[in-house]
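User: I am new to this structure and would like a close look at a single part of it, the backbone in its loops and at its helix ends. Please take me through it step by step, explaining each term as it comes up.

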Amino acid sequence: MPKYNFKEDFLLGGAIAANQCEGAFMEDGKKLSVADLKVFLTKDEREKNLQKNIFGINKEHILSVINDRSKFITPYDWGIDFYHKYKEDISLFKSIGIKALRFSIAWTRIFPNGDDKEPNEKGIIFYKNIFKELVKNNITPIVTINHFDLPLNLVLKHEGWSSDYTVNCYKKYVECLLLNFRQYTKYWLTINEMNFVCEDDLSTYAIFQDDENNKKLTKAKSLLNIYYASSQAVEIIHKLDNEAKVGCMIGFIKSYPATCKPEDVLENELSSEKRTFYAFDLCSKGIIPNHLLIKWRKEDLDLNFITNEKLKSIQNNTVDFLSFSYYSSGVISVEEIERTGGNMFMHGKNSYLKSTEWGWQIDPLGLRTLMNEIYYRYNKPLMIVENGIGVDEAWDESKDILDDQYRIDYLKEHLQSILKAINEDGVECIGYTMWTAIDLISAGTKEMKKRYGLIYVDQDDYGRGTKKRKIKESGKWFKRVIDTSGQELWD
Ligand code: BGP
């Protein structure tokens, strides 16, 4: 098998997200974001609550968390205390060879209410220190502008993403980030997993709409506003730094038809378009796909929210590269089939694939498949900004190691797929930041025990532990991959 290398300028590293790692959730002026309302539920509590996805439970639950959060376990309050330990963590990232770090900025550290007249100086200083620490360690910053943590005030007072008010606040936030941080980075991602945020009943304000028609209109307005806001970010960033590169960030829901029966093939095609490709169409082609317009017309919505100004912005401000998350694949069938877990959605089970304990099906070849699909559909460079395996694992105190060979195998096979897509299929790919550089709080379940990190953190689901950091065997292996520009993948 040919032993392909990563090019010198390939952005190879890890990813983290502010709400899942910083903690200090109300420190130095920061106020609540929608992420701060997410609570840890045990497995059967989740099932009982019928938690339909990584975001929504229901209005009553959300209001009870707002009214008395002390009754709940809210792990984002403490994260892994990255807010105070970022210097130690960044030097650990350096020690495992990380060349690029994708991290997010908490909107509510910069504008605590989302619409404050002036930015919170302590928030600016915190992130300026992060950038300086990364530059000092020769790590390229890749910034996610918003990662699931919309300011709660913008939801409670201004109807979240469904309102133009929120979009205008986002534009001001983007401008503030560029004016303060453009000298540190050239890579910006607009909104994390935009296609998933569109499903988030809290950020879209849909959770507060009791009338079904209002709920549908709220979701439609939010969807358009999220992609419109993203296009405005592209315009603002290019205006304030003509060398900057801007990417969308889309949760890639890879699926296969359960059989070659034409009905299954059609169902899979439509599902892929309506859950994933539509988002790339909006961000990269700059168009609203017809099937969305058909859906909204069928829902009898007043389409006046689709203004020329928004259409023009989406059309004229497409992204420079296509970034996305990929963890697993699923199966789509017109029949009832056995289902299993996945990022955001349940999927049909694929008998050819193994699954993690959380039911996410491991499919490295699926990554090569989708890289070809999107590269030859949109002809823009790709960047995989999340990919990894969540495992309930423990540090072996007797040997003082954590031998996560399964994580090495997972990452190796996915990185091999990327190199084959580049070298054999001609796909242009500029970077890969695995999820995640360091154990942190899961987005979907708020568990600590669903560990993805190359670096272990001694902490349990309830925040108990020394928070001591230790490098797993996968972290040592990852350094060898980077030091050998990928040769380690083929030995
Ligand atoms: C994505 C998020 C990440 C990360 C990942 C893993 O949706 O962008 O923040 O959490 O999912 O999912 P989980 O943490 O639920 O296992």
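Analyst: A good place to begin is Asn379, which sits in the loop between helix α14 (364–378) and strand β11 (382–386); helices (H or I, at least four residues) and strands (E, at least two) are DSSP runs, numbered from the N terminus. The model is a predicted one, in which local features need pLDDT of at least 70 and side-chain atom pairs count only at pLDDT 80 or more, while totals for chains, interfaces and linings use all residues. Residues are numbered from 1 along each chain as its sequence is written, and side-chain values use heavy atoms, leaving out hydrogens and water.

Asn379 is not a glycine, yet its phi is positive, near 50°. Most residues other than glycine have a negative phi, and most peptide bonds are trans. With a relative accessible area of 54%, Asn379 is exposed, where exposed stands for over 50%, buried for under 20% and partly exposed for what lies in between (1.4 Å probe, protein chains only).

Asn138 also has a positive phi without being a glycine, at about 60°, and its place is the loop between α6 and β3 (140–146). Because its relative accessibility is 60%, Asn138 counts as exposed.

A positive phi, near 60°, is found as well in Asp300, which follows helix α12. Within α12 (residues 290–298), Leu292, Leu293 and Trp296 are buried. Viewed down the helix axis, the buried residues of α12 fall within an arc of 100°, so they line one face; the arc is that of the directions from the helix axis to the C-beta atoms. Their cover includes α10 (212–240) and α11 (262–285), with contact taken as heavy atoms within 4.5 Å. On the face turned away from this buried side, α12 carries the exposed residues Asn290, Arg297 and Lys298.

The peptide bonds themselves also deserve a look. Trp435 and Thr436 are joined by a cis peptide bond, with omega about 0°, and Thr436 lies in the loop between β12 (429–435) and β13 (455–457).

To gather the backbone features together, positive phi values occur at Asn379, at Asn138 and at Asp300, and the bond between Trp435 and Thr436 is cis.
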